[in-house]
Amino acid sequence: MGASRSSGTTDELGPDEDSGGGPPGCSAAPGAPAPGEDGLPGAPDGSELLAALLDGMDAALCAFDAAGTVTHWNREAERVLGWTADEAVGRSGFAGWAARRADADEVRARLMSAMGAPGRQVHEFALLRKDGGRVLVRTQSAGVRGADGQPAGVYCAFSEVHAQIDLERAIALSEALLEDASWGVVLVDVDLRPTVVNAHAARALGGSRTALLGRPLGELIVQGVEELEAALHHVLAEGAPSAPAELWVTLRTAEGERRRCWRSGFLRLASPLTEEPVPLGVGWLFQDVTAARLAEQEADRLRFRTSQLHRAARTACECEDPMEAATSLLDFALAGFADHVLVDLVAGERLVRTAATPFDAPGPCLPVAGGSIPARYAPGHPALQSVERTGTVRTSAGAGTAASQTWAVDRRWPRDAAHALCAVLRSRGRTLGVLTFLRAANRAAFERPDTAYAETVAARVAGAVDLALVTGAGSL
């Protein structure tokens, strides 16, 4: 509400009260503060304080007495309509200056009707600016009662309709975002703690809207919280980034840890009530794009593996030695798929190591130097299980357990191996051996799509090995 002029108003005095300026013999009581001082030298009196308060308001304000005469007119009213307080106070209604004569009677009647009605009334009027232009305003008016409880006038707060509509839209937008938006909205304070969480964000973070408030983000996000907090700090210091960012995080939920990808946008929040922008925090808006990103990653992986198989086939068909063709196929298959590969062929009741990549360093798959040697696998070994089941076996070391330190060594695999996939080699209805792919601990375990790829590679390698055995080039 905007400021006001109180010209044309007087303070009501009782029959025995004196303002301090009455005739002799009617002075104030001994020891009483002088009017306007309130016991403090230089303190403003009530009318000055009221005028100052009204002049500092952000909405236009005017007031009428019971006869419809303007008694108050603040600076915001002057800004909206152009009429100064000196020009407005004392006029009877808006006729002939702030409203067209054809509209003035209706405007006055509707405003003054609030004097005898309970609560506030809302109206829209077309008023006149001092420069002759028209402006549509929305008013809120209410009656004012005197000391005797009788209607004494009306006050009216008004603003331009477009400004009011903009405000209502802003409020409606914020309420919609914080209630039922189809993306997550989180407001965090300068300490990076959530202060407002909408329903979508609460579901994404795995908690209720109230339970998440005030908690450090690190309690909700297991991995990726450093990147998120760095982004929030950057927004507080430098402002919003020019484009959304995609953040991969791992959440702690009742069902366990979940890895998600959030496409995030950030807005720095500043108080509109101060001259200098004071940061209130950051608005964080995000959408879960995990499914789309995983699909893209899988499509990229499939394209790469298909390309590798194509290149491997072209290279293998140029090899005179079938076993060289088999190891060439494996060299192409290893790229981006595994760290080590072992080829164990069936020889009677046991498996013998025929080809492998180096145990101590990355390298190509080569035939075992000096000829094939028996693989000393203990009963229940994954390679033996693959042969027995005529299928694929996946296994991994238990993370963080004492047994994981010797897991690979106990299985006669390279020391850095933590994940294994054993695919059986079959050709012409016979089991020829087993193909073992190994990954180090810094890589993810083999999954179902990896199984399909390994079986495709094993089928092609089995064909080359079978040809080698038939021609005698791969005798054990």
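Colleague: Which residues line the largest cavity?
Modeller: Keep in mind that this is a predicted model. The structure holds three cavities of 30 Å³ or more, and the largest has a volume of about 40 Å³. Its lining is made up of F64, G68, G93, F94, V107, R108, L111 and M112.

Colleague: And where does the largest share of that lining come from?
Modeller: Look at V107, R108, L111 and M112, which are part of the lining, and at the helix spanning residues 101–112. Four residues make up the largest share, and they come from α4.

Colleague: How does the lining divide into nonpolar, polar and charged residues?
Modeller: R108 and the two glycines, G68 and G93, are in the lining, and glycine counts as polar while arginine counts as charged. The split is five nonpolar, two polar and one charged.

Colleague: What does helix α4 pack on, and which strands does it touch?
Modeller: It packs on the sheet, with its direction at about 155° to that of β3. The sheet is open and has five strands in antiparallel pairing, ordered β2-β1-β5-β4-β3. Of these, α4 touches β1, β3, β4 and β5.

Colleague: Which strands are the edge strands?
Modeller: Follow the order β2-β1-β5-β4-β3 out to its ends. An edge strand here pairs on one side only, and that fits β2 (70–73) and β3 (121–128).

Colleague: What is the bridge partner of A63 in β2?
Modeller: Strand β1 covers residues 60–65 and pairs with β2 over three bridges, in the antiparallel sense. For A63, the partner in β2 is H72.

Technical notes
Residues are numbered from 1 along each chain as its sequence is written. This is a predicted model: local features need pLDDT of at least 70, side-chain atom pairs count only at pLDDT 80 or more; totals for chains, interfaces and linings use all residues. Side-chain values use heavy atoms; hydrogens and water are left out. Two strands pair if DSSP finds at least two bridges between them. Helices (H or I, at least four residues) and strands (E, at least two) are DSSP runs, numbered from the N terminus. Contact means heavy atoms within 4.5 Å. Axes are lines fitted to C-alpha atoms, for helices over the stretch in contact, and angles run from 0 to 180 degrees between N-to-C directions. On a 1 Å grid over the protein atoms alone, a cavity is a set of points where a 1.4 Å probe fits but cannot get out, and a pocket is an open set with protein on both sides within 12 Å along at least five of seven lines; lining residues have an atom within 4 Å of a point. Grid points are joined across faces, edges and corners, and a volume is the space filled by probe spheres set on the points.
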